[in-house]
Amino acid sequence: MKTWYSALLLFVFALAACGGGDTPKKSSAPPAPSPEEQMLAEGKGIGEVKFVELKIPLEAERVSRGKAIYDMKCSACHKLDDKRVVGPGWKDVTKNRKPEWIMNMITNVEIMLEKDDEAQKLLELCLTRMPNQNVSIGDARDVLEFMRANDGEK
Amino acid sequence: MKKLLFFLAGLLLVIAALWQCKTKGVAGASAGDAAQKVYVAPGTYDEFYNFVSGGFNGQVSVYGLPSGRMLKIIPVFSVFPENGYGYSEETKPMLMTSHGFVPWDDQHHISMSLTNGEQDGRWMFANANNTPRVARVDLASFRTQEILEIPNSGGNHSSPFITENSEYIVAGTRFSIPMDDQPDVPIETYKDNFRGTASFISIDPKEGHLKLAFQVLLPGINLDLSRSGKGPSHDWFFFSCYNSERANTLLEVNASQNDKDFIVAINWKKAEEYARAGKGVTKKVRYAHNFYDEKTHTATTKWETEAIMLDPKVLKDFAYFIPCPKSPHGCDVNPTGEYIVGSGKLAAIIPVFSFAKMQKAIADRNFEGEYDGIPVLKYEDVLHGEVKKPGLGPLHTEFDNNGNAYTSFFVSSEIVKWNVQSLEVVDRVPTYYSIGHLCVPGGDTKKPHGKYVIAYNKITKDRYLPTGPELAQSAQLYDISGEKMKLLLDFPTVGEPHYANAIPASLIKDKSVKIYPLEENAHPYVAKGEAQAKVVREGNKVHVYMTAIRSHLTPDNIEGVRLGDEVYFHVTNLEQDWDVPHGFAVKGAATAEILIMPGETQTLLWKPDRVGVVPFYCTDFCSALHQEMQGYMRVSPAGSNVPLKFSTGEPQ
């Protein structure tokens, strides 16, 4: 994940450098957005997850591991339909959110609630801070696959 | 006898005079910059953890230094309804003894685990003076993980002092008794039939597990305090003792007859060899060994049945007596391991013994005689020197890293700083009032951290706002970074502190346990997720597998319980985030509430006493909807046919 992050940084620098070479610098030009701001702007949330590769068809092993984690750590607050209990129901979450956003919300919830607009809107709605359930990034990926299955993907 | 009475009368006069002084409203002037030195700004941490014995509350309390702010009470030997220790099904076995369930004790001393004579921040050990036990507390979870009962002991006072590499902690008997295998003898046969023992308890270097390795059989003297050697004296342990008169009545007078009692020097390395070579006598005994498993979140009691006894009368050359004036109490070894300081409670001097001289006297077999078959060294031969006129009633000594000793004086209410090599008094400060133990961070180790000395006073009097007949216990913090000691702070403590240790926060704080991973929870009644929540009847026992997460309990509606049932609420906290415990309480619970840490399972046994609907709820404020975190259990008459039923969030 770290290498990806560095690659992104280099990319941003490279872009900035290009711009500088082609046209005279203008002092009023807005500064290039930080990688963090760019992630937020793209709806990927904030955290270690910068890019998720989704495969079709679904990876069956991930789905079953994801369900086991859901049963243990998530099901008390999130139902699989669209009903809100403590947190919102999961139906269609993968259609409404980017996969990176979902995984960052699971693995980096404290910072998400502090900096991501969508996460903050959910807190205002639910009034209970989503807890850090100590889910690793690998486990969060499995949960994501289970969510896709729950949303009817094959 | 006359001499003694005269002495006691004199002592009384001095106390009265001192008392007079104190009541004239001496506030104890503190240094001008004291406030700055103890101020720990909001949101910042203290530099040291101070682990303080609880005395009659049976627990250990934890303070931050230099602020004196209390951080936690760790339940060890006494039940603690605040979190369910000793009440939950999982923790009840921790307080099991050969006398049955003992829900309290008198906790005097603690020691920290050591590596190469320095604090390593892994474990803390604690003694129970009343029903003889030692405990091991884990310093990552701040929980009592193990309690071992001590057989052949009438009270465990000189304990749990530790060797340089945490090889052993010791347990020395304050009260001599007839040994466990011939318990019924006339008290007047004390001299023949009563014995003291010094137990050596080994510590598994990886897991910390305790084992009674061997006991050393001693005459019927009262072992008081003890310390291990260091460096050159690594192989030795020193125990102070009083009642060398072996009196069994009116000890106040009868045990204060001899000019000198003893420090018992035991070569534990040699004793260990004897024990390993099978030279000891295996005694049939019965004692409890309680262990808390952090994977099953459950304690179990194992009954131990043997103790290896080593008799220094038979197995020669591993125990010696050093004569020490007037009922020695503290027995402290300086950081280099060369000097042993004895503190005769009734002595007018402090004798300091030399380990090198002791070794020479033993090699030359230069003894003054024998006491109950054990060689007695000559006082003058092993003496480094005496601190003259140090004060009245010396009790305990700690050390700094600059060659100084700090001795507490109960009768004259002061701490006296003196140089270990030159034996000259350097400074003295008053304490308010009647200091018992004292503590320098790392002051009992090879490398003291210095900086402060803390006084744990026995009398509080006018130091705090009055609170009826019983007053807060008083501790005081002094700066010892300069030549003169400076009073910085008074802070109240709970229970009645005896000994304490202070350890740099950096050795502990970053390895604190934050949660128990649900994946690793091996409790037999765990519910890993709401899908596993259920209610199961087994005869008249009803097991509720319950989950807790902000902000509901599952199941929260339960029916089909009958009068005469025993209901086990096994509550699993599904949270996996730091600082989110849930509590659980039921109306009419004749036990306690329980607190359940994230990822943990704990069980409250509840016996309904009437027919009706009983609320249960979370007691630890957890979220904005904490007040909603509740449920109901319906209790029907015995023999009722209301079916067993449970649910959460069914449509209304």
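This passage walks through a predicted model, taking confidence in chain A before the build of chain B.

For chain A, the mean pLDDT comes out at 86, with 81% of the residues at 70 or more. Confidence isn't spread evenly, though: among the elements of chain A, helix 8 (residues 137-150) has the highest mean pLDDT, 98, while helix 1 (residues 2-22) has the lowest, just 45. Over residues 1-24 of chain A the pLDDT is below 50, and this stretch has twelve contacts in the model beyond near neighbours in sequence. Where pLDDT is low, it's best not to read the predicted coordinates in detail.

Now for chain B, which has seven helices and 46 strands. Its radius of gyration is 27 Å, close to the 26 Å that the globule rule gives for 652 residues, so chain B is as compact as a globular protein of that length. The C-alpha atoms of chain B fill a box of roughly 90 × 60 × 45 Å along the principal axes. Of its 652 residues, 53% count as buried.

One sheet of chain B gives a closer look. Here four strands line up in the order 21-22-23-26, making an open, antiparallel sheet. Strand 21 (328-333) and strand 26 (383-388) of chain B sit at the edges, each pairing on one side only. On average, neighbouring strands of this sheet are turned by 20° against each other, ignoring direction. Strand 21 of chain B is joined to strand 22 (residues 339-344) by four bridges; Asp332(B), for instance, has Val341(B) as its bridge partner in strand 22. Helix 6 (residues 355-363) of chain B packs on the sheet, touching strands 22 and 23, and its direction makes about 60° with that of strand 23.

Key: Residues are numbered from 1 along each chain as its sequence is written. Chains are lettered from A and ligands numbered from 1 in the order in which they are written. This is a predicted model: local features need pLDDT of at least 70, side-chain atom pairs count only at pLDDT 80 or more; totals for chains, interfaces and linings use all residues. Two strands pair if DSSP finds at least two bridges between them. Helices (H or I, at least four residues) and strands (E, at least two) are DSSP runs, numbered from the N terminus. Axes are lines fitted to C-alpha atoms, for helices over the stretch in contact, and angles run from 0 to 180 degrees between N-to-C directions. Two residues are in contact if their C-beta atoms, placed from the backbone, lie within 7 Å. pLDDT is the predictor's confidence in each residue, from 0 to 100. The radius of gyration is taken over C-alpha atoms; the globule rule is 2.2 Å times the number of residues to the power 0.38. A residue is buried if 20 or more other C-beta atoms lie within 10 Å of its own, exposed if 12 or fewer, and partly exposed in between; C-beta atoms are placed from the backbone.
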